[in-house]
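Please open the model in your viewer and keep the sequence panel beside it, since the tour moves from one selection to the next.

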Amino acid sequence: MNKAFVKESDEDDDEDLEPAKALPSGTKNYMTVQGYRAMNDELMHLMNVERPEVVSVVSWAASNGDRSENGDYIYGKKRLREIDRRMRFITRRLASAEVVDPALQPNRDQVFFGATVRYCDSQGEEFKVTIVGVDEAEPLSGRISWISPVARALIKAHEGDTVSLRTPAGIEELDILEVSYPS
């Protein structure tokens with residue numbers, strides 16, 4: 001097959017990637033110490049383990065001759081682009097990170113970044129969430145981003161307060177039962 005028919009460019013293939021979690025303009029990229037450490041560990045793993053392994057596979061596959069029908073070569077080049085794209089993303093996020101240690105929070109009865117909040121909604125159902133950075137959020141595990149609507153409603157409230165959360169179904173009242181921070 002002629003090389004003209006094979007897509008081998010170093011341009012980014014963004015269509016198969018999930019969109020980056022955008023930060024509101026003019027805001028800082030707040031992260032917990034653990035979130036910063038996890039992203040840094042991922043960057044080091046990509047740089048020192050995964051990328052060298054894929055580079056060796058690609059160089060081996062390239063030495064086999066015809067690259068146009070070489071699956072190891074084609075997949076390896078695509079994987080290298082994905083790794084490089086992820087490394088650039090993590091590097092930019094870490095460079096703009098504002099690391100906040102929730103354990104140093106002096107106002108422990110008020111909700112701020114890093115707080116774990118136990119609250120109940122108007123139906124009496126209890127929830128427990130921890131307010132973390134955009135890149136650390138895992139809503140199904142109770143870790144919500146500080147820019148999420150629930151976090152924005154909770155921030156700056158105290159234990160015992162009732163806050164209003166605007167939802168598509170209307171305004172919902174949330175009663176804050178407990179606010180805690182890591183030691």
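Select Gly 142 to begin, in what is a predicted model, and display whatever surrounds this glycine: leaving aside the neighbours within four places in sequence, Gly 142 is in contact with Lys 128, Val 129 and Thr 130. Gly 142 itself is found in the loop between β4 (126-132) and β5 (143-145). If you draw a distance from Gly 142 to Lys 128, C-alpha to C-alpha, the viewer should give 6.4 Å, for two residues that are 14 apart in sequence. Is Gly 142 buried or exposed? With a relative accessibility of 12%, Gly 142 counts as buried, because the cut-off for that class is under 20%.

Next, zoom out and colour the whole chain by secondary structure. The protein has 3 helices and 7 strands, and, read from the N terminus on, its elements run β-α-α-β-β-β-β-α-β-β. Of the 183 residues in the protein, buried residues make up 34%. Among contacts between residues at least 6 apart in sequence, 59% join residues at least 24 apart.

Now select helix α2, residues 71-95, and place a distance between its end C-alpha atoms. The result is 36 Å, which agrees with the 36 Å that the 25 residues of α2 should span at 1.5 Å a residue. At the N-terminal end of α2, show the side chain of Asn 70, which caps the helix through a side-chain oxygen lying 3.2 Å from the backbone nitrogen of Asp 72.

Keep α2 selected and colour its residues by accessibility. The buried residues of α2 are Tyr 73, Gly 76, Leu 80, Arg 81, Ile 83, Arg 85, Met 87, Phe 89, Ile 90, Arg 93 and Leu 94. As a reading aid, an α-helix has 3.6 residues a turn, so residues three or four places apart point the same way. Which elements do the buried residues of α2 pack against? Adding the partners to the display shows β1 (29-32), α1 (33-62) and β2 (97-100).

Of these partners, bring α1 forward and view it together with α2. Two packed helices are described by the angle between their axes and the distance between the axes. Here the axes of α1 and α2 come within 9 Å and cross at roughly 160°. That crossing angle makes α1 roughly antiparallel to α2, and α1 passes α2 in a left-handed crossing.

Stay on α2 and select Thr 91, which lies in this helix and is partly exposed, with a relative accessible area of 42%. A polar atom of the Thr 91 side chain lies 2.7 Å from the backbone oxygen of Met 87. A second distance, C-alpha to C-alpha, runs from Thr 91 to Leu 43 and comes to 7.6 Å, although the two are 48 residues apart in sequence.

Move along to Arg 93, also found in helix α2, and show its side chain. What joins the side chains of Arg 93 and Asp 135? The link is a polar contact of 2.8 Å. Arg 93 counts as buried, at 10% relative accessibility. Its C-alpha atom is separated by 9.9 Å from that of Tyr 30, a residue 63 places away along the chain.

From there, go to Thr 27, whose place is in the segment before β1. Thr 27 is partly exposed, with a relative accessible area of 32%, and its C-alpha atom is separated by 10.0 Å from that of Ile 147, 120 residues apart along the chain.

Finish at Lys 156, whose place is in the loop between α3 (149-154) and β6 (162-167). Most residues other than glycine have a negative phi. Lys 156, by contrast, has a positive phi of about 80° although it is not a glycine. Is Lys 156 buried or exposed? Its relative accessible area is 57%, and Lys 156 is therefore exposed, because that class begins over 50%.

Definitions and conventions
Residues numbered from 1 in each chain as written. Predicted model: local features only at pLDDT ≥ 70, side-chain atom pairs only at ≥ 80, totals over all residues. Heavy atoms only, no water. Helix = DSSP H or I, 4+ residues; strand = E, 2+ residues; numbered from the N terminus. Expected span 1.5 Å × (residues − 1). Buried < 20%, exposed > 50% of the residue type's maximum accessible area, 1.4 Å probe, protein only. Contact = heavy atoms within 4.5 Å. Polar contact = N/O pair within 3.5 Å; in protein donor to acceptor, adjacent residues only side chain to side chain. Axes fitted to C-alpha atoms, helices over the stretch in contact; angles between N-to-C directions. Parallel < 35°, antiparallel > 145°, perpendicular 65-115°, else oblique. Left-handed = near helix turned anticlockwise from the far one by under 90°.
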